[in-house]
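Here are my comments on the empty space and the surface of the model, set out as numbered points for discussion.

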Amino acid sequence: MVNHSSPVDFLLLGFSEHPGLERILFVVILISYLLTLVGNTLIILLSVLDPRLHSPMYFFLSNLSFLDLSFTTSCVPQMLVHLWGPRKTISFLGCSVQLFIFLFLGTTECVLLTVMAFDRYAAVCQPLHYATIIHPRLCWQLAAVAWVVGLVESVVQTPPTLRLPFCRHQQVDDFVCEVPALIRLSCGDTTYNEIQMAVASVFILVVPLSLILVSYSAIARAVLRINSAVAWRKALGTCSSHLIVVTLFYSSVIAVYLQPKNPYAQKRGKFFGLFYAVGTPLLNPLIYTLRNKEVKRALRRLLGKDRDSGESRGTAA
């Protein structure tokens, strides 16, 4: 029951065993996707149009927003079609493109979050030298490294996954084409692919997460030496949003890619994968907007409702 040639299409099972749940998920995912488009587009516009947000932090944040927009758009429209109607198939080419994009953007986000942690470390631990350390050229270089690493990882891992001998039923027990789901679909020897995924997980998940933890350990030590309550609040405001985003992203990714081999874990992994694909791109702009006074002020300025500037003009008069 092994198909050694490229299959014509795959059947994405998703949550097809629960038709009632599919309709609920359709509404939830559609609303989430629309909010994701609005939220991330707004952050990109604010970072570009407002001169006060022309800083390294918002440069990296706009990269993250663009990445989230691309990531969620690569899978959510197809997911909505599958949830709404009986058609659950995706072509082999479509699955290949989706797999490539998922690996590319997922890896890029891992590296980009690490870069953002380094930026926060420099802001808190080296405030007097921050502008010298995180200069515009370095920002572009670090962002380029994140995107290039993501591209290389996808180029390396996508072809071996697509060359697997897939079972003839071609039923992918997931709602998107991801490496773990395609490995489970194979009826041949997957030892090489599993080793490759394990090695990639170390370099793309464990190493960046370790670097983030090292950065925040240094930040915590620096904050503990501060006696000023104002400085404490400023340091917390500088890092809290990024720390929440890192926690949400890595917890969902680890649940998807490092899950044990049993049916319960695979079923639970589907929900984590759904949160990874839909939830984190939605929550990232909300976290940075709701917890960031500078972004809220920039939004008021964009809408022409900047109370601060109005008050300063009244005082000057």
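**Pocket, cavities and a surface patch**

1. The lining of the largest pocket is made up, by class, of eight charged, four polar and three nonpolar residues. Since the model is a predicted one, this composition is computed from predicted coordinates.

2. This largest pocket encloses about 420 Å³ of space, and its lining comprises 15 residues, with Gly237, Thr238, Asn292, Lys293 and Glu294 lying nearest the centre. Two or more lining residues come from each of α2 (56-73), α9 and α11 (293-302), and α9 gives the most, with four residues.

3. Turning to enclosed space, the structure holds five cavities of 30 Å³ or more, and the largest cavity contains about 180 Å³. Its lining is formed by 16 residues, of which Leu103, Thr107, Glu153, Ile204 and Tyr257 are nearest the centre, while the elements that contribute two or more residues are α4 (92-125), α6 (136-162), α8 (191-224) and α9 (229-257).

4. By class, the lining of the largest cavity has eleven nonpolar residues, together with four polar and one charged. The lining of the largest pocket, by comparison, has three nonpolar and eight charged residues.

5. On the surface, a nonpolar patch is formed by Ile195, Val199, Val202, Phe203, Val206, Val207 and Leu211, which together have about 600 Å² of accessible area. One of these residues, Leu211, lies in helix α8, and Leu211 counts as partly exposed because its relative accessibility is 45%, a value that falls between the limits of 20% for buried and 50% for exposed.

Note on methods. Residues numbered from 1 in each chain as written. Predicted model: local features only at pLDDT ≥ 70, side-chain atom pairs only at ≥ 80, totals over all residues. Heavy atoms only, no water. 1 Å grid on protein atoms, 1.4 Å probe; cavity = no way out; pocket = protein on both sides within 12 Å on 5 of 7 lines; lining within 4 Å. Points joined across faces, edges and corners; volume = space filled by probe spheres on them. Nonpolar A, V, L, I, M, F, W, Y, C, P; charged D, E, K, R; others polar. Patch = residues over 30% accessible without salt bridge, like charges linked within 9 Å, V, L, I, M, F, W, Y side chains within 5 Å. Areas by Shrake-Rupley, 256 points an atom, 1.4 Å probe, with all protein chains shown as cover. Salt bridge = Lys/Arg side-chain N within 4 Å of Asp/Glu carboxyl O. Buried < 20%, exposed > 50% of the residue type's maximum accessible area, 1.4 Å probe, protein only.
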